[in-house]
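Here are my notes on the model, as numbered points. They cover packing first, then strand pairing, then one polar residue.

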Amino acid sequence: MATYVALCNFTDQGVRSVKDTTKRADAVREAASKFGAKMTHIYWTLGKYDLVTLIEAPDDAAAAAFGLAISSAGNIRLQTLRAFSRDEMGPILGKLG
C-alpha cells in the first residue's frame, strides 16, 4: 500500500455546518473504500485547500479511481493527488498537524 495525499477544494462556497462537514467526510471515506483505498487522515481548511485527505491505496490506478470518485461526491474538486514514500510522509504529517 502506498500513501497518497489528495488536495481538494469545495465547488460550493456556502456556510459549512458540522452536519455538512460530516457528510463530506463520509463521502470521501465511502469513495476510498469502493476502490480498495483507506482514508487515514482528513484535515479541513489547511492553507489554500478546503480539504486535505491522506489515503492508503494498493496502486496508482486505485488512487486515481478514488480521485475521480470524490470529484463527484460531496461537491469536492480534486486539485492534486500524489503518492509519497514513508520517508517523505514524516515531515508532511508534521506540517499538517
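**Notes on the predicted model**

1. Within the largest nonpolar core, which has 18 residues, the members that touch the most other members are Val28, Ile55, Ala57, Phe66, Ile70 and Ile76. The model is a predicted one. At least two residues of this core come from each of strand 1, helix 1 (18–34), strand 3 and helix 2 (60–71). Helix 2 gives the largest share, 5 residues. In soluble globular proteins, nonpolar side chains tend to be buried together.

2. Val28 can be followed outward from there. Leaving aside residues up to four places away in sequence, Val28 touches Met39, Leu51, Thr53, Phe66, Ile70 and Ile76. Another core lies apart from the largest one; it has 7 residues, including Val5, Tyr43, Val52 and Phe84.

3. Strand 3 (residues 49–57) deserves its own entry. Of its 9 residues, 8 are buried, so strand 3 is largely enclosed by the rest of the structure. Strand 3 is also among the elements that supply at least two residues each to the largest core.

4. Which strands are joined to strand 3 by bridges? Strand 1 (residues 2–10) runs antiparallel to strand 3, with 7 bridges between them. Strand 2 (residues 38–46) is likewise antiparallel to strand 3 and is joined to it by 7 bridges. For register, Cys8 has Leu51 as its bridge partner in strand 3, and Lys38 has Glu56. Leu51 also appears among the contacts of Val28.

5. The hairpin of strand 2 and strand 3 has 2 residues between the strands, and Gly47 in this hairpin takes a positive phi near 65°.

6. Asn9 is a polar residue to check by eye. Asn9 is found in strand 1. Is Asn9 buried or exposed? Its relative accessibility is 12%, and the limit for buried is under 20%, so Asn9 counts as buried.

7. What does the side chain of Asn9 reach? One partner is the backbone oxygen of Lys48, at 3.1 Å. The side chain of Gln79 is another, through a polar contact of 3.2 Å with the side chain of Asn9. Not counting residues up to four places away in sequence, Asn9 touches Lys48, Tyr49, Asp50, Asn75, Ile76, Arg77 and Gln79. Of these, Ile76 is also listed with the core residues that touch the most other members.

Notes. Residues numbered from 1 in each chain as written. Predicted model: local features only at pLDDT ≥ 70, side-chain atom pairs only at ≥ 80, totals over all residues. Heavy atoms only, no water. Buried < 20%, exposed > 50% of the residue type's maximum accessible area, 1.4 Å probe, protein only. Helix = DSSP H or I, 4+ residues; strand = E, 2+ residues; numbered from the N terminus. Pairing = 2+ DSSP bridges. Polar contact = N/O pair within 3.5 Å; in protein donor to acceptor, adjacent residues only side chain to side chain. Contact = heavy atoms within 4.5 Å. Core = buried A, V, L, I, M, F, W, Y, C linked by side-chain atoms within 4.5 Å.
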